[in-house]
Amino acid sequence: MSTTQVIEFTVNGQARSVEVFPMARLLDVLREQLQLTGTKEGCGEGECGACTVSIDGHIVNSCLVPAAQVNGAEITTIEGVAGADDLHAVQQAFIDHGGAQCGICTPGMVLAAVDLLKRNPEPTENDIRTGLAGNLCRCTGYMKIFESVVRACQK
Amino acid sequence: MRAFIPDYQLTTPASLTDVLALLNNEPGVWKPFAGGTDLMVLLEAGKLEHRNYINIWGLRELRGIEANDTHITVGALTTYTEVQAHPILRREFPMLCQAASETGGLAIQNRGTLGGNIINASPAADSPPALLAYDAEIELVSTRGSRWLPYQGFHTGYKQMQIGPDELLARIRLPRNTAGVVHYYRKVGTRKAQAISKVCFAAVGKMNGEQIDDMRIVIGSVAPIVVRCVKTEAALRGQKPGDETIRKACVSFEQEISPIDDIRSTAKYRLQVAKNLLVDFLTKLSQNG
């Protein structure tokens, strides 16, 4: 048996402290201990991107990150994407252009798209496809998601 | 079924010195844990047998890319994203950057490390074919010191490696001798992103007039380890790349690999694709080398 340890990190700009087993998945820490249930679990093996969050400015699959590796990190989840009064342009575009259906992939898709636009404000079609390649959707057929990101770039 | 999380230790020493001391003091008890992109998948599936891990993700000593006139040296914890972004690697070692760009998606590339790809020792790993084709060397460190060895020969069988229980992979070094060579890398998977390869082929070569001067040919996912095809290379060296040369090379090639049927593909498909890729490489080499 391992023992629990206290992990201190920043989540969506707020300092947080949790007591966890070091191998606990970041995904579970966010959802179950911090009640940030916007981050979804899809495959649980790094294939689908539903659990995407950003750690220190880089998107990751939170199902593949043990808690011990986020001590001191800055994490952004889907709950931290919108501003105080307005949605992020990517979120608004997903609403306006039908980029979401059942909603399970949406938080990961949005975070991947936000990350892409941060790195590359004027992505080509290929850049968008590559930026979203790690995120799977079972509803939309992808074109509406793709279109939503294209529209978000135009804002 | 999912693993029972409290069964697993993941300790975070403060420095490389502390990591090596732990590996030395309790040999075989601890294994390194880097980006977690392979180990966490096993954990979730309830198949992670080893229980005690050392978190090395934060070790600055194993990060960074340095170049001098003769070599480029890459820290074992360098991520696929960092590999793709490095200007010298992009210019002189494009197959390594291509391998990094075709490993998982961006979220995996931000976390997966070159050293992890080597030590996880999957025969289907994407970067080892490129590293072998570029004649990489690797550095293993321990409290006893450091030793460099050729990467070729490091993997001796399925998941078997020439590494002591007290040793840690620290750096990977590539000789900067790729000027004028033809680079040929093809990963064949079910889709472009996120796939694990059915066949992964990496080769470099040079022509001397109409003759093949030299080459290194490496293939993954067709044997218990990633294979450098030295007999095929010998059959090709100094030859003109015509039909007869290619036929002989394919005979050698077939003897050097041992593809199997598994969940990703069949032995028959893998063999056919492997031979097609060899022929395609030799065609491009003769046109551009």
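**Strands 3 and 4, chain A.** I began with strand 3 (residues 52–55) and strand 4 (residues 58–61) of chain A, which run antiparallel and are joined by four bridges. This is a predicted model. I looked up the partner of A:Thr52 and found A:Asn61, in strand 4 of chain A, standing opposite. Then I checked the turn of this hairpin: two residues lie between the strands, and A:Asp56 takes a positive phi near 45 degrees.

**Contact between the chains.** I next asked how many residues each chain puts into the contact. Chain A supplies 25 residues and chain B supplies 24. On the side of chain A that touches chain B, strand 4 of chain A gives the most, with four residues. I sorted the residues of that side of chain A by kind and got 13 nonpolar, 10 polar and two charged.

**The largest nonpolar core.** I looked up the largest nonpolar core and noted that it has 132 residues. The members that touch the most other members are A:Ala113, B:Leu96, B:Ala203, B:Val218 and B:Ile219. Helix 3 (residues 106–119) of chain A gives the most to this core, with eight residues. As background, I noted that nonpolar side chains tend to be buried together in soluble globular proteins.

I followed B:Ile219 further, leaving aside its neighbours within four places in sequence. Its contacts are B:Pro129, B:Val199, B:Cys200, B:Phe201, B:Val227, B:Cys229, B:Ile257 and B:Ala274.

**B:Ile225.** I found B:Ile225 in the loop between strand 13 (211–220) and strand 14 (227–228) of chain B. Is B:Ile225 buried or exposed? I recorded B:Ile225 as buried, because 20 other C-beta atoms lie within 10 Å and the cut-off for buried is 20 or more. Without its neighbours within four places in sequence, B:Ile225 is in contact with B:Pro123, B:His155, B:Gly157 and B:Tyr158. I also looked up B:Arg264, which is 39 residues from B:Ile225 along the chain; their C-alpha atoms are separated by 16 Å.

**Helix 11, chain B.** I ended with helix 11 (residues 267–288) of chain B, which has 22 residues. From its first C-alpha to its last, helix 11 of chain B reaches 31 Å, close to the 32 Å expected at 1.5 Å a residue. I listed its buried residues: B:Arg270, B:Val273, B:Ala274, B:Leu277, B:Leu278, B:Phe281, B:Leu282 and B:Leu285. What do they pack against? I found strand 11 (182–188), strand 12 (199–208), strand 13 and helix 10 (243–256) of chain B. One of these buried residues, B:Ala274, had already come up in my entry on B:Ile219 as a contact.

Key
Residues numbered from 1 in each chain as written. Chains lettered and ligands numbered in written order. Predicted model: local features only at pLDDT ≥ 70, side-chain atom pairs only at ≥ 80, totals over all residues. Core = buried A, V, L, I, M, F, W, Y, C linked by C-beta atoms within 7 Å. Buried ≥ 20, exposed ≤ 12 C-beta atoms within 10 Å, placed from the backbone. Contact = placed C-beta atoms within 7 Å. Pairing = 2+ DSSP bridges. Nonpolar A, V, L, I, M, F, W, Y, C, P; charged D, E, K, R; others polar. Expected span 1.5 Å × (residues − 1).
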